[in-house]
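Please open the model in your viewer and keep the selection tool at hand. The tour begins with the whole chain and ends at a single side chain.

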Amino acid sequence: MRCTPHGTIVLLALLLLATPAAAQVAGPDDASLLAADAEQKRIIVEQDLDAQRRFMHEHYIINAPANRVLRKADALAIMARGGNAAERFDRVIEGHQITGNIGIVMGREVVQPTAGSQLGQQFGARPLSRRFTNVFVFEDGRWVFLARHATVIADSTVGPR
């Protein structure tokens with residue numbers, strides 16, 4: 001079978017589209033860790049409950065920005081109700097590190113929660129600054145979302161509500 005240049009480009013594009021960002025990779029490296037973090041953000045922005053369920057580790061835990069510690073089942077239930085929906089979600093990664101099969105990504109975020117979300121009810125539907133830490137574990141050839149800590153920082157809670 002002979003493949004034309006156009007056919008090769010189409011085939012490569014289809015392969016890329018069929019491969020999720022957090023797909024299996026040869027080993028833990030910076031690029032795959034940052035791709036996993038980007039996938040975590042995509043899941044939240046798109047409220048992709050099925051992807052979140054698959055991406056979260058069985059022992060997932062979060063110190064949530066609404067000041068609660070949650071396990072996987074509770075975090076998924078909140079997402080299913082739109083409890084973490086946002087109109088805006090920007091993230092700046094300030095550092096990342098891999099040690100063995102653990103990957104950590106840290107930085108800052110600006111999120112504007114929807115009025116009906118937990119943060120919207122707590123702070124109002126306005127931009128909030130947060131600090132975050134995402135923890136991933138590399139298992140079975142892919143990064144899995146293990147833990148998160150996200151905190152609304154003081155300067156974003158000052159002023160009228």
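**The whole chain**

Colour the chain by secondary structure and follow it from the N terminus: the elements run α-α-α-β-β-α-β-β-α-β-β. This is a predicted model, and its secondary structure comes to 5 helices and 6 strands. Display the surface next. The accessible surface comes to about 9200 Å², of which 58% belongs to carbon and sulfur atoms. Of the 161 residues, 37% count as buried.

**The sheet**

Select the strands. They form an open sheet of 6 strands in the order β2-β1-β6-β5-β4-β3, with mixed pairing. Which strands stand at the edges? They are β2 (68-71) and β3 (86-99); each has a single partner strand, so one side of each is left without a neighbour in the sheet. From one strand to the next, the twist averages 20°.

Now restrict the selection to β5 (residues 128-139) and β6 (142-152). These two strands run antiparallel and are joined by 10 bridges. Within this pair, Phe138 stands opposite Trp143 in β6.

**Helices against the sheet**

Add α2 (30-46) to the view. Helix α2 packs on the sheet and touches β3, β4, β5 and β6, and its direction makes about 160° with that of β3. Then add α4 (72-80), which lies across β1 and β2 and runs at about 100° to β2.

**The nonpolar core**

In soluble globular proteins, nonpolar side chains tend to be buried together. Select Leu119 and Phe136: of the 29 residues in the largest nonpolar core, these two touch the most other members. Elements that each supply at least two residues of this core include α3 (49-55), β1 (56-64), β4 (102-113) and α5 (118-123).

**A closing stop at Asn134**

Select Asn134, which is placed in strand β5. Is this residue buried or exposed? Asn134 counts as buried, because its relative accessibility is 0%. Show its surroundings: leaving aside residues up to four places away in sequence, Asn134 touches Asp37, Gln40, Arg91, Gly103, Ile104, Val105, Phe145, Ala147 and Arg148.

Two of these neighbours merit a separate selection. The side chain of Asp37 makes a polar contact with the side chain of Asn134, at 2.8 Å. Phe145 is 11 residues from Asn134 in sequence, and their C-alpha atoms are 7.7 Å apart in space.

Finally, return to the full chain and display its contacts. Among those between residues at least 6 apart in sequence, 57% join residues at least 24 apart.

Methods:
Residues numbered from 1 in each chain as written. Predicted model: local features only at pLDDT ≥ 70, side-chain atom pairs only at ≥ 80, totals over all residues. Heavy atoms only, no water. Helix = DSSP H or I, 4+ residues; strand = E, 2+ residues; numbered from the N terminus. Buried < 20%, exposed > 50% of the residue type's maximum accessible area, 1.4 Å probe, protein only. Contact = heavy atoms within 4.5 Å. Polar contact = N/O pair within 3.5 Å; in protein donor to acceptor, adjacent residues only side chain to side chain. Areas by Shrake-Rupley, 256 points an atom, 1.4 Å probe, with all protein chains shown as cover. Core = buried A, V, L, I, M, F, W, Y, C linked by side-chain atoms within 4.5 Å. Pairing = 2+ DSSP bridges. Axes fitted to C-alpha atoms, helices over the stretch in contact; angles between N-to-C directions.
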